[in-house]
Amino acid sequence: KAGASWYEGTANAIYQNMRFIERYDPEYVIVLGGDHIYKMDYSKMVDYHIENNADCTIAVIDVPKEEASRFGIMICDESNKVTDFVEKPKVPKSTLASMGIYVFSWDKLKKYLIENENDANEKRTKGEPWSKDFGKDIITSMLADKQRLFAYEFEGYWKDVGTIESLWEANMDLLNPNIPIDLYDPEWKMYSRNPIMPPQYIGSEAVVENSMITDGCVVNGTVDFSIIFEGVTIEAGATVTDSIIMPGSVIKSGAIVEYAIVGENCTVGSGVHIGARPETFENRDDWGIAVVGHNITISENAKVLPKQIISENM
């Protein structure tokens, strides 16, 4: 909105856009996170919300117990009515994780947004701890007031890309035929920006297997199980495996990139080795994805170790 300040939390982000929402006089509002990957028909979730006469419906997905502490966890009764919610619990009581996808009855959400904003501002003037967060404030306040909150169970593919590892995994999932997300489904197309570049060129000596190579790429080296964004050059003698190469980067002859993310417009010099295979580490905790930031030049024969994040030329 005009004159808006920086968002001070997820709830405050919606609060600052209330006037825009009010223009449409909605009965229901869908609130979505921006760092998740999934395909969902929201109309089914809205129907579920209406059928349950809910004040708030929260999409949930069953996650492995070892990952549950990363998420807001819902505890539900036999009718899927939410009885408790804990944000990132150390010892989860459930494995139903909030997906950050909500359907609200707008009159109720508006009421709690205003109350939360006023309460947080009052606490701030007193020097007390405050927040303007959906999970910590809006959901917990609605539960405390015994509002009708229901969990909507989602069974498709969903990935929270809030970490380097999950971003890498989400890209690799696109190459896995056993992962239930289909970029090529003609009945439900997924659109992206077209860079308007020449077609990819795969040289006569190139070796490309199980990878996605987008427009404007010139590949003369070896690419295996990797995502190659537009305008990338991979010279003869270079090897890229299990990696993500972002737009405009150049992988020079003799370079090896494995289990890594290389940012936009980078130059990876000849003889450089970025990353390593996980099986080469006796202790799996010592291994991780190597990351090179945007607009970085890696000089010849340099080495970037697993878990290392490069933010300046080397």
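Two strands count as paired here if DSSP finds at least two bridges between them. With that in hand, take strand β3 (residues 56-62) of this predicted model: five bridges join β3 to β7, and the two run parallel. One of the matched positions puts threonine 57 of β3 across from its bridge partner in β7, phenylalanine 150. Strand β7 covers residues 149-153, and four of its five residues are buried, so β7 is largely enclosed by the rest of the structure.

Stepping back to the whole chain, there are six helices and 26 strands. The C-alpha trace spans about 65 × 50 × 45 Å along its principal axes. Buried residues account for 43% of the 314 residues. As for contacts between residues at least 6 apart in sequence, 47% of them join residues at least 24 apart.

Back among the strands, β4 (residues 72-76) and β5 (residues 82-87) run antiparallel and are joined by five bridges. Isoleucine 75 sits opposite aspartate 84 of β5. The two strands form a hairpin with five residues between them, and asparagine 80 in the turn has a positive phi of about 70°.

Then there is the helix pair. The axes of α4 (residues 106-125) and α5 (residues 134-144) come within 10 Å and cross at roughly 120°. That angle makes α4 oblique to α5. The crossing itself is right-handed. On the α4 side the contact is made by Lys108, Leu109, Tyr112, Leu113 and Asn116, and on the α5 side by Phe134, Asp137, Ile138, Ser141 and Met142.

Further along the chain comes an open sheet of six strands, with parallel pairing and the order β10-β13-β16-β19-β22-β25. Strands β10 (207-209) and β25 (303-304) stand at the edges with a single partner strand each, so one side of each has no neighbour in the sheet. Inside that order, β19 (residues 256-258) and β22 (residues 273-274) pair in the parallel sense over two bridges. There, isoleucine 256 faces histidine 273 of β22.

Strand β13 (residues 222-224) of the same sheet holds valine 223. This valine has 0% relative accessibility, and it therefore counts as buried. Setting aside neighbours within four places in sequence, valine 223 is in contact with Val207, Val208, Glu209, Ser211, Ile213, Ile228, Ile234 and Val240. Glutamate 187 is another matter: 36 residues from valine 223 along the chain, its C-alpha atom is separated from that of the valine by 30 Å.

Now for the nonpolar cores. The largest has 27 residues, and the members touching the most others are Ile228, Ile234, Ile251, Val257 and Ile274. Strands β20 (260-262) and β23 (290-292) each supply at least two residues of this core. Valine 257 touches Thr239, Val240, Thr241, Ser243, Ile245, Ile251, Val262, Val268 and Ile274, with residues up to four places away in sequence left out of the list. Another core lies apart from the largest one; it has 26 residues, including Val60, Met74, Leu109 and Ala151.

Methods
Residues numbered from 1 in each chain as written. Predicted model: local features only at pLDDT ≥ 70, side-chain atom pairs only at ≥ 80, totals over all residues. Heavy atoms only, no water. Core = buried A, V, L, I, M, F, W, Y, C linked by side-chain atoms within 4.5 Å. Buried < 20%, exposed > 50% of the residue type's maximum accessible area, 1.4 Å probe, protein only. Contact = heavy atoms within 4.5 Å. Axes fitted to C-alpha atoms, helices over the stretch in contact; angles between N-to-C directions. Parallel < 35°, antiparallel > 145°, perpendicular 65-115°, else oblique. Left-handed = near helix turned anticlockwise from the far one by under 90°.
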